[in-house]
Amino acid sequence: MHDIDAAIAEAKYCLETLRFEGFRCLRATAKKFLGDAVFDPLLSYLDARNTVVHIHPSLHPSSKSLDLPWPGFMIEYVFDTTRAAVNLLFSGALERFANIRFILSHAGAPCPPLPGGSRWRR
């Protein structure tokens, strides 16, 4: 996701050469979440192919400073998924790329009650 051209090339390889039925994306780079315009070229390609896209979280850099007494992924993965989903929703990416069917990891985080919640697959 740090190199959009490489991400598109990987998506093409997976979908066209290997004939995968879907594609998995991390939710973001260190500073940008899916839905940000920087990812539009990748989402445009995936949209044109009516792709199922599985979004998986990672630890956001800000979570390193929390000093929690448990592993960060126990809570942060859910919120990282939510950040990506909310950004997709409020950036208008869900409307711009309406042919993508998104699958959210970890039971969809708290997204189903959000507007557009029926668009999410859990």
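Here is a chat between two people looking over a predicted model of a protein.

Colleague: Let's start with the basics. In what order do the elements of the protein run from the N terminus on?

Modeller: There are four helices and three strands to place in this predicted model. Read from the N terminus on, their order is α-β-α-β-α-α-β.

Colleague: And what share of the residues of the protein count as buried?

Modeller: A residue is called buried when its relative accessible area is under 20%. The protein has 122 residues, and the share that passes this test is 40%.

Colleague: What about the surface: how much of it belongs to carbon and sulfur atoms?

Modeller: The accessible surface of the protein comes to about 6800 Å². The part of that surface belonging to carbon and sulfur atoms is 57%.

Colleague: Take contacts between residues at least 6 apart in sequence. What percentage join residues at least 24 apart?

Modeller: A contact here needs heavy atoms within 4.5 Å. Among the contacts in the protein that span at least 6 places in sequence, the part joining residues at least 24 apart is 67%.

Colleague: Now the helices. Are H1 and H2 roughly parallel or roughly antiparallel?

Modeller: Two packed helices are described by the angle and the distance between their axes. For H1 (residues 4-17) and H2 (residues 40-48), the axes come within 9 Å and cross at roughly 15 degrees. Angles under 35 degrees count as roughly parallel, so H1 and H2 are roughly parallel.

Colleague: Which residues of H2 make that contact with H1?

Modeller: The crossing of the two helices is right-handed. On the H1 side, the contact is made by Ile4, Ala7, Ile8, Ala11, Lys12, Leu15 and Glu16. By class, the contact of H1 with H2 has nine nonpolar, no polar and two charged residues. The residues from H2 are Pro41, Leu42, Tyr45 and Leu46.

Colleague: H2 must have other neighbours to look at too. What do the buried residues of H2 pack against?

Modeller: The buried residues in H2 are Leu42, Leu43, Tyr45, Leu46 and Asp47. They pack against H1, strand S1 (22-26), strand S2 (52-56), helix H3 (73-90) and helix H4 (93-96).

Colleague: Asp47 is charged, so I'd like a closer look. Which residues does aspartate 47 touch, leaving out those up to four places away in sequence?

Modeller: Aspartate 47 is found in helix H2. Its relative accessible area is 13%, so aspartate 47 is buried. Leaving out residues up to four places away in sequence, aspartate 47 touches Arg96, Phe97, Ala98, Asn99 and Ile100.

Colleague: Same kind of thing for glutamate 76: is it buried or exposed?

Modeller: Glutamate 76 has its place in helix H3. Not counting residues up to four places away in sequence, glutamate 76 touches Leu59, Ser63, Leu66 and Arg83. The relative accessibility of glutamate 76 is 8%, so this residue counts as buried.

Colleague: On to the loops. What is the phi of arginine 19?

Modeller: Arginine 19 has its place in the loop between H1 and S1. With a relative accessible area of 68%, arginine 19 is exposed. This residue is not a glycine, yet its phi is positive, near 60 degrees.

Colleague: And where does asparagine 50 lie?

Modeller: Asparagine 50 comes just after H2. It has a positive phi of about 50 degrees although it is not a glycine, and at 42% relative accessibility asparagine 50 counts as partly exposed. Its place is the loop between H2 and S2.

Colleague: I also want some pairs that are apart along the chain. What separates the C-alpha atoms of histidine 56 and threonine 81?

Modeller: Histidine 56 has its place in strand S2 and is buried, with a relative accessible area of 18%. Histidine 56 and threonine 81 are 25 residues apart along the chain, and their C-alpha atoms are separated by 6.9 Å.

Colleague: What about the C-alpha atoms of arginine 101 and glycine 22: how many Å separate them?

Modeller: Arginine 101 lies in strand S3 (residues 101-104) and is partly exposed, at a relative accessible area of 39%. Along the chain, arginine 101 and glycine 22 are 79 residues apart, while their C-alpha atoms are separated by 9.3 Å.

Definitions and conventions. Residues numbered from 1 in each chain as written. Predicted model: local features only at pLDDT ≥ 70, side-chain atom pairs only at ≥ 80, totals over all residues. Heavy atoms only, no water. Buried < 20%, exposed > 50% of the residue type's maximum accessible area, 1.4 Å probe, protein only. Areas by Shrake-Rupley, 256 points an atom, 1.4 Å probe, with all protein chains shown as cover. Axes fitted to C-alpha atoms, helices over the stretch in contact; angles between N-to-C directions. Parallel < 35°, antiparallel > 145°, perpendicular 65-115°, else oblique. Left-handed = near helix turned anticlockwise from the far one by under 90°. Nonpolar A, V, L, I, M, F, W, Y, C, P; charged D, E, K, R; others polar.
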